[in-house]
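Open your viewer and get comfortable. We will take one chain, then its partner, then a single pair of helices.

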Amino acid sequence: MRLSRYVFPVMASLGFGFLYAPILILVIYSFNESKLVTVWGGFSTRWYVELFQDPQILDAAKLSLQIAASSATIALVLGVAAAMTLVRFRWFRGRTWLAGMVAAPLVMPEVITGLSLLLLFVALDNWIGWPSGRGVTTIVLAHATFGMAFVAVIVQARLRDMDRTLEEAAMDLGARPTTVFLTVTLPTIAPALVASWLLAFTLSLDDLVIASFVSGPGSSTLPMVVFSKVRLGISPDINALATLMILIVGLGGVFGFWQMRRSTHRRSA
Amino acid sequence: MRLVAKLKSLQRDWVSWVPTLWLGVFFLIPFLVVLKISLSQATIAMPPYLPLFDWVESALEIRLDFGNYLFLIDDPLYGAAYLESVRIAFVSTVITLLIGYPMAYMIATAREPRRTLLLLLVILPFWTSFLLRVYAWIAILKTNGLLNGLLMSLGLISEPLVFLQTDLAVYIGIAYTYLPFMVLPLYASLSKLDRTLLEASEDLGATPWISFVTVTLPLTIPGVIAGSLLVFVPAIGEFVIPALLGGNDTLMIGKVLWNEFFANRDWPIASAVAIIMLFVIVGPLMWLNRINSKTEEATS
């Protein structure tokens, strides 16, 4: 098959190049002494020093990490509950509603999600006085909502693939449904739980549009600060920030690959 | 008695009710609020709109103001922005498909552990910041940026070309950031493909290209549609990419909504823009939902 031997691999390699060249450039130029992108002024780590001396970025990063951790945790609990309902509890009355609503946030344009949540929060504030004002709470609620959609999708897939005989065996041996869930189901889907929590965390850490709508004064997240800087043009300390982020994600990827290889080896051995 | 049974089932079902109610409150009801605000009148206050319902001398007065929608229809800017958004999203989706299909094909035909590695390579960028990946293209596409520098040093051009702040930059940005959404569904349908069908078509004398066009492509159409919709729908309302890579004349509806809300502080108009945007995407969204429930039925 010449198609799979020459044409497609060449095109696919170009695709992978397209995917990674900009990231590589970002990393290289974070070590550039010069402020200009086109000029290589020699190797330097000054942008990293500047990054860690910028209180605005540091504060925003701390806030973003807090928001990401709490919203990912809420998203995990809600997303697992939604996935269990969709895969296991066929009798549940609101199942069709849930199925429709859980998938929609994945593709809903962020400007719509952001605007609609903001208007909801303002209306709620008027009716019942909660959440008073906008800030961290409203961002966490918003991020938990779209995070749970991603969690539900990942966990659903894992629950479908899972070997149900284990759960049936536990039930035959007299375990209550809660015990079965805690001692059999949860440990089996643990990798999917870790992956989906991390994804919800990353998405929250990265969100600009929704956070801009629902945040209040004094609660600028990292993407909001980055966006306001980037709008004015290239700034090399942002390259340094990007490189650090890529490093963390890259290490996570290597670890994930290693884990996957280990588990496939174990399975085939 | 029936009430007790009902309460019991409610208690049993709380695991299901909590996420359903959460999404109801934070996903469904907000749309109704947007619809309501889109029918109210803008005013200078906080919040900047007038109430829809009012008690006037013990009579309920309901004022639905369709002026916002009439304004959107009257001003050709908005219609043009919707059309431009759909056009830009469509072109970007086609480009993403052309880049993504060979990648998905290569992954699906690779052996382990190469397959896992390639799959991971596609997913990894998705885990790094979307905003920073868009930002990376500014340095490349700038007039005195790296792409122009490369093309000039190769002698292909003598004057720098304008890439940044054009529609082309927006296409590249969308294709770049949404590529994983295209590749993964394509990979899923390509890896399910029955290889014996390809062998049969080759035995019957088909050339690889003919086998591809008559066997592989038709059988992976569900993946093509799912991937394309996953790119097309969110791309219509994209804000960050046209804001950073597009020009001032790049009219995309997400940017229009953003400006109505943040710059003009006109919440009712922004809401009306959002409601019409929902009508634009509801068709493709339901299509996607049908594909999802079909694959769900097939796997369970």
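In what order do the elements of chain A run from the N terminus on? Select chain A and follow along: the elements run α-α-α-α-α-α-α-α-α-α-α, with eleven helices and zero strands (DSSP runs, H or I of at least four residues for helices and E of at least two for strands, numbered from the N terminus).

A word on what you are viewing: this is a predicted model, where local features need pLDDT of at least 70, side-chain atom pairs count only at pLDDT 80 or more, and totals for chains, interfaces and linings use all residues. Residues are numbered from 1 along each chain as its sequence is written, while chains are lettered from A and ligands numbered from 1 in the order in which they are written.

Next, show chain B too. The contact (C-beta atoms, placed from the backbone, within 7 Å) takes 71 residues from chain A and 77 residues from chain B. On the chain A side, helix 1 (2–29) gives the most, with 16 residues.

Now zoom in on helix 4 (residues 95–107) of chain A and helix 2 (residues 14–38) of chain B, which pack at about 50 degrees with axes 10 Å apart. Axes are lines fitted to C-alpha atoms over the stretch in contact, and angles run from 0 to 180 degrees between N-to-C directions. Show the side chains of the contact residues, including Trp97(A) and Met101(A) from helix 4 of chain A, and Leu23(B) and Phe27(B) from helix 2 of chain B.

Notes. Two residues are in contact if their C-beta atoms, placed from the backbone, lie within 7 Å.
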